[in-house]
Each structure stands twice: as structure tokens, then as C-alpha cells.
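Please look over the following structure before reading the notes. They are grouped by topic and explain each term where it is needed.

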Amino acid sequence: MHWTRRLTSWLRHRRAEEEQALASPASRLQSYGIADPSVRGKLRSDASSHSEPSKTDRLLPQSVRNFVFSRHFEIALVAIILANTLLVGFEIDSPELLLDWQWRILDIAFNTIYSLELSLKLWVHGFNLFSQPLEIFGAGLTLLAWWEISARLLNYAPWEATQILRALRVVQLGIVFPTLRVLLFAFVRSLRAIAWVVILGLFAFYVTACCAVLFIGRGDFHDEESRSIQGNFQSVWHSMYVFFELMTFETWPDYVRPLLAHHWTYVPFLVGFIFISNIFFLNVFTAIVVENVLAAQSTEKANDRNEEERLDALQVGSMCRVFFRENSGRDMISTKTIAEIVSRGDDEVNRTLQHLQWSPQYFQSLVSFCDLDNSGTVSIRNLQTLLQDCRTHLSMKNYLHFDKQLHDRVDYVDRLCQVTLEAVKQWRPGRAGRRKL
């Protein structure tokens with residue numbers, strides 16, 4: 001029937017218009033939930049940077065990069081730090097084992113190794129390396145050690161300062177061992193809260209010491225046992241030290257027992273201070289440490305997820321560079337070309353698929369999903385965005401991101417159905433119209 005053919009032709013025309021609008025770069029990025037122009041510009045710049053290897057990638061061999069990221073590099077770093085720490089102990093305890101110039105040569109050798117390690121990491125990671133506090137600490141120790149060594153050679157600084165700096169290298173083991181890193185960060189996090197607790201404790205000790213000086217230090221004691229402890233409460237500062245000893249249960253019977261016989265009214269005051277101060281400060285310190293350890297563990301897990309996503313993004317970017325190279329730098333590439341590159345067994349593509357634990361069939365399904373208009377061509381930039389989204393951990397932000405995508409697709413289908421119904425109503429002729437057709 002003619003009206004059915006006209007309806008089919010009109011629907012195809014509307015679908016082509018919708019798909020053409022959706023196939024534009026801005027609409028494709030918006031379909032992925034990226035509507036910010038600045039973000040789109042960043043993605044375009046990132047994609048264009050993938051068209052050819054950067055200068056750093058050309059200068060840096062892949063073997064060096066793999067070595068820095070390997071477990072052998074971490075084991076070698078641990079062995080060097082432990083050997084240097086043991087050497088510091090021998091140098092302090094038994095300096096007669098070697099001559100003075102021999103100790104200096106060993107110090108220069110170890111600091112040279114640390115400088116080489118820092119240079120390799122800077123070569124691979126760039127200045128992003130200094131986003132990690134332990135790496136900043138290690139770089140600062142290296143610079144200070146070189147300054148101390150140079151000053152010592154010119155007879156301007158004591159040699160022991162370099163030993164202390166090299167002994168602090170043990171803290172860098174937190175780079176290799178995550179548990180140690182969590183404890184170090186928890187300790188640093190706790191310092192601020194502990195400082196306020198100490199200030200509160202000093203106020204409490206000061207007030208209690210003032211009361212002890214007024215009632216015990218200047219009291220009217222006639223017996224010999226009471227007078228023996230009265231001298232410990234003659235000044236506020238000495239009384240504060242006595243109450244610190246009482247808090248730690250150190251010789252507390254020597255201060256409390258002489259008062260039992262004739263001045264027992266002061267005993268509840270001292271015993272109450274012992275229990276309240278000990279229980280309060282012990283629990284507060286424990287709570288601070290536990291809270292900061294849990295916070296450090298959460299931060300460590302978040303950093304691990306971010307690092308994993310960063311490595312995944314690097315792998316996806318390297319694979320997209322291959323697609324740009326094989327496609328002569330053009331953004332739109334056919335799905336058949338991608339299938340040929342994958343089936344050909346390109347080293348970079350195979351390495352990326354192995355890292356992401358994706359099979360070629362699964363990767364081809366993702367490529368087909370990116371082909372929204374079924375034209376057999378996809379945008380490499382949009383494909384890179386899609387692949388990175390697939391490797392992103394599920395969070396509230398990502399959940400809302402994918403929920404928006406689903407809502408947009410359902411809304412598109414709903415609008416298409418409404419347009420179809422309106423077209424059917426408009427092109428449904430009466431009997432006279434059917435006779436004319």
C-alpha cells in the first residue's frame with residue numbers, strides 16, 4: 001500500500017536525522033554524559049596527543065619503564081635501604097672497622113644510588129611523582145644528604161648529620177609495603193589531634209596542681225609521714241610532674257599511703273585523679289589512633305583505585321594511539337579496520353587487552369556499542385572515553401552517569417514511538433482517501 005510505504009520512508013528520514021545529530025562529536029560526548037565544553041576540549045586534546053608518541057615516550061625505552069614498574073625494582077630498593085640502615089648502625093657503633101675516607105665513599109655511593117632511583121622515577125612518572133608524600137620525603141633526604149656530604153668535604157658540617165638523614169630512609173619502605181604506609185600516614189594524621197589532647201591535659205594538670213599546692217602543699221600536717229610528701233607539692237610545676245607520675249601509676253602508693261592515717265580526706269582526690277586521667281587519656285589516645293588508621297586505610301584504598309584507573313587509562317590511550325597511527329591520524333575509523341588490527345596481533349593492542357583482561361570478542365562488542373548509527377565507523381575519541389568508563393569503579397557519580405545514559409536512551413525510544421503514533425494518525429485516510437490511493 002502506498003501510505004505504508006510513505007510512512008516507512010518518513011520514519012527512515014526521521015531516524016536518519018536523529019542519528020545524524022547523535023553522530024556529531026558534541027552529541028556523542030553528551031550521550032556519554034560529558035556536556036562540559038572544557039571537558040570536551042580536554043578529551044579532544046588528549047585524543048590528538050594519542051595520534052603520535054610523545055617526546056618522552058620516544059626517549060624512554062619500554063624496558064626501562066617496565067623495570068621501574070616491576071617488583072624487582074621494589075625489592076632492590078628495599079634491599080638498598082636495609083643495607084644502608086645497617087651500615088649506619090655499624091658506622092655509629094664500630095667506626096674503627098673502616099677508615100674515615102672509606103665511610104665517606106660508602107655514604108656517597110648510597111646517596112648516588114638514591115639519586116639514580118629518583119631520576120628514573122622522575123623520567124617515568126614526571127612531576128606527578130611528587131604527589132606522593134613519601135616520594136617528596138625521599139627527594140628531600142637525598143638533597144639534604146648531598147648538602148651534608150659537600151659541607152663535610154669542605155669541613156663545614158658535622159658528619160653525624162648525614163648518618164641521621166640516611167637512617168631516616170627506613171620511612172621510605174612505606175612505598176613498597178602498604179601496611180607500613182598506612183601506619184605512617186595514620187601517625188601523621190594523629191599528631192594534630194594528639195597535640196590538642198596534650199594541651200587539654202596540661203590545662204587539667206595545671207588546675208589540679210594549683211589545688212594540690214593550696215590544700216596539700218600549704219596544709220597543716222603534724223605527722224612525719226604526711227610531711228614527707230608535703231614537700232612534693234610546694235610549687236605548681238613540681239606538682240604537675242607529681243601528677244604525671246600518678247597518671248602513669250609510677251610510685252603512686254608513696255604519695256597516697258602516708259595520707260591514709262591522718263588526712264584520708266585527700267585520698268579520694270588523688271585516687272580519683274589517677275583513675276580519671278588514666279582512663280580518659282588512654283581511651284582518647286586509642287580512639288584517635290584507631291580513627292586515623294581507618295581513615296588512612298580508606299585513603300589507601302581510594303588511592304589504589306585511582307592508580308588502577310590511571311594505569312587502565314594509560315593502556316587504553318596507548319591502544320588508541322595505534323588506531324590513530326593505522327588510520328593516518330583521522331578520528332573516524334571503520335570497525336573492520338579495528339577488527340583487522342586486533343586479529344593481526346599488534347603488540348600494543350595485545351598488551352592492552354591482556355592488562356584489561358578483555359577477550360577480542362568482548363572488545364569488538366564494545367566497539368559495536370560505540371557505533372550508534374550502525375554505519376560501520378566509530379570515533380576513536382569516543383571509543384577511548386567509552387573504554388575508560390568501562391574500567392571506572394562503580395561510585396555514586398558513575399552510577400548517576402550511567403543512569404543518565406539509560407534515561408537518555410529510553411527517552412529517545414519514547415519520543416520515537418510518539419512520533420510514530422502521530423504519523424499514523426495523520427496518515428490514516430478515510431474510505432475516500434483509500435479509494436484515491
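A residue is called buried under 20% relative accessible area, exposed over 50%, and partly exposed in between, using a 1.4 Å probe and protein chains only. Glu-348, at 24% relative accessibility, therefore counts as partly exposed. The model is predicted, so local features need pLDDT of at least 70 and side-chain atom pairs count only at pLDDT 80 or more, while totals for chains, interfaces and linings use all residues. Residues are numbered from 1 along each chain as its sequence is written, and side-chain values use heavy atoms, leaving out hydrogens and water.

**Helix H12**

- Helices (H or I, at least four residues) and strands (E, at least two) are DSSP runs, numbered from the N terminus.
- Helix H12 covers residues 236-247, which is 12 residues. From first C-alpha to last it reaches 16 Å, close to the 16 Å expected at 1.5 Å a residue; the expected span is 1.5 Å times one less than the number of residues.
- Buried residues of H12 are Ser-239, Met-240, Val-242, Phe-243, Glu-245, Leu-246 and Met-247.
- Their cover includes helix H10 (178-217), helix H13 (252-256) and helix H14 (267-326), where contact means heavy atoms within 4.5 Å.
- At the N-terminal end, Ser-235 caps H12 with a side-chain oxygen 3.3 Å from the backbone nitrogen of His-238.
- Phe-249, just after H12, takes a positive phi of about 60°.

**Salt bridges**

- A salt bridge is a side-chain nitrogen of Lys or Arg within 4 Å of a carboxyl oxygen of Asp or Glu. The structure holds seven of these.
- Side chains of opposite charge can pair when their charged atoms come close.
- Glu-117 and Lys-121 form a salt bridge with an N to O distance of 2.7 Å. Because they are four residues apart in helix H7 (residues 100-125), about one helical turn separates them. Both residues are buried.
- Glu-348 and Arg-351 form a salt bridge as well, at 2.8 Å from N to O. These two residues lie three apart in helix H16 (residues 347-356), about one turn of the helix. Arg-351 is partly exposed because its relative accessibility is 35%.
- Salt bridges that share partners join Glu-117, Lys-121 and Glu-135 into one network.
- An α-helix has 3.6 residues a turn, so residues three or four places apart point the same way.
- Arg-344 and Glu-326 form a salt bridge whose closest N and O atoms are 3.5 Å apart. This pair links distant parts of the chain, with Arg-344 in helix H15 (residues 335-344), Glu-326 in helix H14, and their positions 18 residues apart. Glu-326 counts as partly exposed because its relative accessibility is 36%.

**Nonpolar cores**

- A nonpolar core is a set of buried Ala, Val, Leu, Ile, Met, Phe, Trp, Tyr and Cys residues joined through side-chain atoms within 4.5 Å.
- The largest core has 23 residues, and those with the most contacts inside it are Phe-323, Ile-338, Val-349, Trp-358, Phe-363, Leu-383 and Leu-387.
- At least two residues of this core come from each of H14, H15, H16, helix H17 (360-370) and helix H18 (380-390). H14 gives the most, with six residues.
- Leaving aside residues up to four places away in sequence, Phe-363 touches Met-319, Phe-323, Ile-338, Val-342, Leu-353, Trp-358 and Leu-387.
- A second, separate core has 22 residues, including Phe-233, Met-247, Phe-281 and Ile-288.

**Strand S2**

- Val-378 is found in strand S2 (residues 377-379) and is buried because its relative accessibility is 0%.
- Val-378 and Ile-338 are 40 residues apart in sequence and 9.6 Å apart in space, from C-alpha to C-alpha.
- Beyond four places in sequence, residues touched by Val-378 include Ile-338, Val-367 and Asp-371.
- Ser-379 also lies in strand S2, and its relative accessible area of 4% makes it buried.
- The side chains of Ser-379 and Asp-331 are joined by a polar contact of 2.6 Å. A polar contact is a pair of N or O atoms within 3.5 Å; within protein, one must be able to donate a hydrogen and the other to accept it, and residues adjacent in sequence count only if both atoms are side-chain atoms.

**Cysteines**

- A disulfide is a pair of cysteine sulfur atoms within 2.5 Å, and a search of the whole structure finds zero.
- Cys-320 is buried because its relative accessibility is 0%, whereas Cys-417 is partly exposed at 42%.
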